[in-house]
Amino acid sequence: MSTNRRKEVNQIQLGPLFKWLTLAVMIGGCGLLFVYVKNQQHTLGQETRKVELQMREVRAYNEVLLAKISQLSSRPALQRKLEQTMVALVPIQDNSIARLVPPVTVGSDGLLRTAANERFRP
Amino acid sequence: MHEEYSAIAASKHSIRNTIPARRGLITDRNGEILAANMPAQRVVADGSHIKDKAALVAEIAAPYLGIPVAELTERLAQPTNKYNVITPNLEEDKAIALKKELDKKGLRGLYFYPNSVRTYPNASILSHVLGFMSRKNPSDEVLVGVDGIERSMEQQLHGEDGFRHIEHDRAGRELVVYRGQEKAPRHGSNVELTIDMALQSILEAELENAYRELKPDTAIGIIADPKTGEILAMSNRPTFDPNNLNEAKPDEMKNRAIMDMVEPGSTFKIVVASGALNEHTVTEKTEVYCEGGRFLYGGRILKDHHGYGNMTVEQILIKSSNIGSAKMALMMGDDKYYEYVRRFGFGERTGVALPGEIPGLVHPPARWDKLTITRMAMGHSVAVTPLQMVMGMSVIANGGKLMKPQIVHSIKDEDGQEVYRFQPEVMRQVIPESTAHFIAKALAGVCDDGGTATLARVNGFDVAGKTGTAQKVNPKGGYMEGKYVVSFLGFMPAQDPRFVCLIMIDNAKISSGLNYGGLVAAPIFSRVAEKTARYLDLVPTAPSMLPIAFSEPSSRKVTQ
């Protein structure tokens, strides 16, 4: 065998292989990451939508209750309730009221009040 | 080419979603809700999505929608109709349940859009002031205020819808990640009225009783604060329920307090008395000869109920002498008298924040005949609105100032923070305070013994006021025989008025011999004023007319 014959060996070139493999893994990883992030976004979006819907429902329910409260506490409703439950509320008859002309110096404003209606006072 | 197709593609997937603004609430001065929103959903069917499953969808949806299955199937089976409104206002809880049911079965084609129904918890109470909502055009989906506060405060109440650009998948589900431009809605402001529902209820109850017992054509009541011009209560009969507009007749929906013209009758005598005193045509001590009850002027005889001789201005008001009033007007002259009529605010709109107000009818002197001035002095040949009468009497009650009537107290944002408060507005000083006080004193005499309105008295208080009895005007000309518009317009306490109240009854079905302001309207005023005084906790200013009754505690024995 000739000594000068070159030994032909098909050695695996690890360097480029590793390079390309790394590149492929990175590209694949990026792709998977992209899909993962996309899925996450979609899931979070769905959750956002669900929460928004719940919030809307709660707000709507709140408004329904507000409307119902105002209906149940309205004057005609209270009047009906009064008639149904036969609560014995009658206006105070005039001959049952003793009227006194109050002394001028009572209270800080000089008025004697039996039942002050604070809301109406300026 | 690419742009063209991408635009088509975008239009297929991208839509502009409206986020509806919530309409503001209307409340009374104490925050009691008078107009609220009941959330609902507009149910729309897209026939192209339902396809051949109309019967299946109908079977599930029919009980929620309250539509027979057969009818609903027919309505849903329209593949070409992509926007078929099945019901505009489905209750919120039913809509949510229906949506869940459809999702569970995997059915699509019915879509839900947020909507709301305006509700008025107090039904017919205050309906003329609150007004109602309707479509501007029959094809419109959006309701707007068309009468009352709903209309006049539409701009503040309606708010501004928001929007959101969204994209959806082929199943119609929103892709949240592709959300585009977005703008939040600006919800409507809440409107707080000057109305006090406690006083409104008092007035409504008394007016309702009168309407039932006397069976008049119409009945009107107004309570106002003379110092600020705030309207505390306003009621009309006949009335309507704004929750049930289908049953309301146009005649019932009219706010007669600002839309009806009436001849005010003797309540108008305050104008001539104020004017004559202010112009020094007469003084407090001047005596006017009342011709013994028959005054021939301009070829016609003007009559008083009784024959009177010489009377002072005070007596003319207390006895309600037509001749005395006419003579004072004649002494003032046409132009001067007309000037005072206008200064009191008659013949012009008061400017109250309610739609449809009319100015009334006051002809200028150039169009008067010889008799007009004598007729106008006693409240004939002039047409005014009930609200103008109240504001005119407020001039006397507040020391001579003509106030602009207020119905809106303030505007609040959705968090209840005050955005704007309406301040009392003085239109003009009509007469000096001294003149106003003199007239007020004379009007207090109207309710005393010998006056025309003793039935208007309120136990424990001095009441000042004036009765009015005017023959009803015939729209075809002249007057209607035996038909009268009677009223009582007064304030209380006479010394320091806290409220002015008008009660006006049109054509009460009672004997014409009894149909007078002092007999019909004055007792209603008395009842309203009594309850109002209790509510406002007014301090009694006059000694009690009734004996004070004390219970006997000794009759109840205490046992141990």
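Biologist: In which sense do strand 2 and strand 3 of chain B pair?

Modeller: Bear in mind that this is a predicted model, where local features need pLDDT of at least 70, side-chain atom pairs count only at pLDDT 80 or more, and totals for chains, interfaces and linings use all residues. Residues are numbered from 1 along each chain as its sequence is written, chains are lettered from A and ligands numbered from 1 in the order in which they are written, and side-chain values use heavy atoms, with hydrogens and water left out. Strands (E, at least two residues) and helices (H or I, at least four) are DSSP runs numbered from the N terminus, and two strands pair if DSSP finds at least two bridges between them. Strand 2 (residues 26-27) of chain B shares 2 bridges with strand 3 of chain B, and their sense is antiparallel.

Biologist: Which residue takes a positive phi in that hairpin?

Modeller: On the strand side, T27(B) stands opposite I33(B). The hairpin has 5 residues between the strands. The positive phi, near 85°, belongs to G31(B).

Biologist: How many bridges link strand 3 and strand 5 of chain B?

Modeller: Strand 3 of chain B also pairs with strand 4 (residues 84-91) in the antiparallel sense over 5 bridges, with Q41(B) and L90(B) as bridge partners. Towards strand 5 (residues 110-119), A45(B) stands opposite L110(B). That pairing of strand 3 and strand 5 of chain B is antiparallel too, and its bridges number 10.

Biologist: Is R42(B) buried or exposed?

Modeller: R42(B) sits in strand 3 (residues 33-45) of chain B, where 13 of the 13 residues are buried. The cut-offs are under 20% relative accessible area for buried, over 50% for exposed and partly exposed in between, with a 1.4 Å probe and protein chains only. At 13% relative accessibility, R42(B) therefore counts as buried.

Biologist: Which residue's side chain makes a polar contact with that of R42(B)?

Modeller: Leaving out residues up to four places away in sequence, R42(B) touches residues including V85(B), Y111(B), F112(B) and E141(B) (contact means heavy atoms within 4.5 Å). A polar contact is a pair of N or O atoms within 3.5 Å; within protein, one must be able to donate a hydrogen and the other to accept it, and residues adjacent in sequence count only if both atoms are side-chain atoms. The one joining the side chain of R42(B) has a length of 3.4 Å, and its partner is Y83(B).

Biologist: Zooming out, what area is buried between domain 1 and domain 2 of chain B?

Modeller: Domain bounds come from an automatic or database domain assignment, which divides chain B into domain 1 (16-193) and domain 2 (199-239 + 258-267 + 341-536). The contact takes 22 residues from each of these domains. Buried area is the accessible area (1.4 Å probe) that two parts lose on being put together, summed over both. Carbon and sulfur atoms give 56% of it here, and the total is about 1800 Å².

Biologist: Which residue forms a salt bridge with E414(B)?

Modeller: The rule (a side-chain nitrogen of Lys or Arg within 4 Å of a carboxyl oxygen of Asp or Glu) finds 3 salt bridges across the interface of domain 1 and domain 2 of chain B. For E414(B), the N to O distance is 3.2 Å, and the partner is R22(B).

Biologist: And at the tail, how far apart are the C-alpha atoms of T541(B) and R342(B)?

Modeller: T541(B) lies in the segment after helix 18 (517-536) of chain B, and counts as partly exposed because its relative accessibility is 32%. T541(B) touches residues including F461(B) and P493(B). R342(B) is 199 residues away along the chain, and the C-alpha separation is 34 Å.
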